[in-house]
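Colleague: Could you take me through one part of this model closely, namely the largest pocket, and then say what surrounds that picture in terms of confidence, cysteines and backbone?

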Amino acid sequence: KKKIKVNKFVISGSLKNSFYKNKYRKKDKKRFDICYISKNFLKNTFKHDSVKNLEYLAKYALKYNKKVIIQSKVKKNLKELKVYKRIFKGSETAVEWRSNLHHSSYKSIDKSSIVLGAPTTLLREAYYFNKKVLCCDSTKAANMKGYPFKGENYLKDFTYTDFEKRLNDLFKLSFKAYLNKLGKPKNFFMGDINTVELVKNLISKELKEKKNAK
């Protein structure tokens, strides 16, 4: 679209994701069954599709006694917290707010079994941690052309019954069985590459070639 001609390119994964894995990843005893990637809907009132996903998740968590962590895309604020407390009343739920330090989004994903939410690139990055992912698109007019999700990892215009059944199925599956159902390798969604090391090696190689060329 920018009409930039690229003569040579290298496929890699997520640089920020890789940075977290190399520098900040620790064995955290606190584990969660589900990580919900929340959209930034503070600019207006809470959108219907986001609330629908959260209400379905709260109902499921309460019914099956599941521990949930919500990863917010904004810094801590009372407006959003109030909504979470109302929806998840009675269930064990934590909220992780956006932080510029220590890559909180990846930490929340890393210590959860299943990662779900509305369409976002973070869902793709969760595959880097061998997580089962579910994209919950409750809008009726979805643009599937831009989505890598299809089949077992995708729900569109769904009911609570659909949501409950899909989550129950995912909890029963191993990660390998889950990928088999998708019919796609993990690298289709997110390159399983140590991007930090890749970039460092590319820079070193480039500097060495320039030095030798003098």
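Modeller: What follows starts with the pocket and then turns to confidence, the cysteines and two loop residues.

This is a predicted model, in which local features need pLDDT of at least 70 and side-chain atom pairs count only at pLDDT 80 or more, while totals for chains, interfaces and linings use all residues. Residues are numbered from 1 along each chain as its sequence is written, and side-chain values use heavy atoms, with hydrogens and water left out.

The largest pocket holds about 380 Å³ of space, a volume being the space filled by probe spheres set on grid points that are joined across faces, edges and corners. A pocket here is an open set of points on a 1 Å grid over the protein atoms alone, where a 1.4 Å probe fits, with protein on both sides within 12 Å along at least five of seven lines, and lining residues have an atom within 4 Å of a point. There are 14 lining residues, and Lys16, Arg98, Ser99, Ser105 and Tyr106 are the ones nearest the centre of the pocket. Helix H4 (104-110) and helix H5 (121-125) each supply at least two residues of this lining, and H4 gives the most, with three residues; helices are DSSP runs of H or I with at least four residues, strands are runs of E with at least two, and both are numbered from the N terminus. By class the lining has three nonpolar, seven polar and four charged residues, where Asp, Glu, Lys and Arg count as charged, Ala, Val, Leu, Ile, Met, Phe, Trp, Tyr, Cys and Pro as nonpolar, and the others, Gly among them, as polar.

As for confidence, the mean pLDDT (the predictor's confidence in each residue, from 0 to 100) of the protein chain is 86, and 89% of its residues reach 70 or more. Confidence is lowest in helix H1 (residues 15-24), at a mean of 82, and highest in helix H6 (residues 160-172), at 97.

The structure holds zero disulfides, a disulfide being a pair of cysteine sulfur atoms within 2.5 Å. Cysteine 135 is in none, and the nearest cysteine sulfur, that of cysteine 136, is 6.8 Å away. Cysteine 135 counts as buried because its relative accessibility is 0% (buried means under 20% relative accessible area, exposed over 50%, partly exposed in between, with a 1.4 Å probe and protein chains only).

Asparagine 65, in the loop between helix H2 (48-64) and strand S2 (68-71), has a positive phi near 55°, and counts as exposed at 67% relative accessibility.
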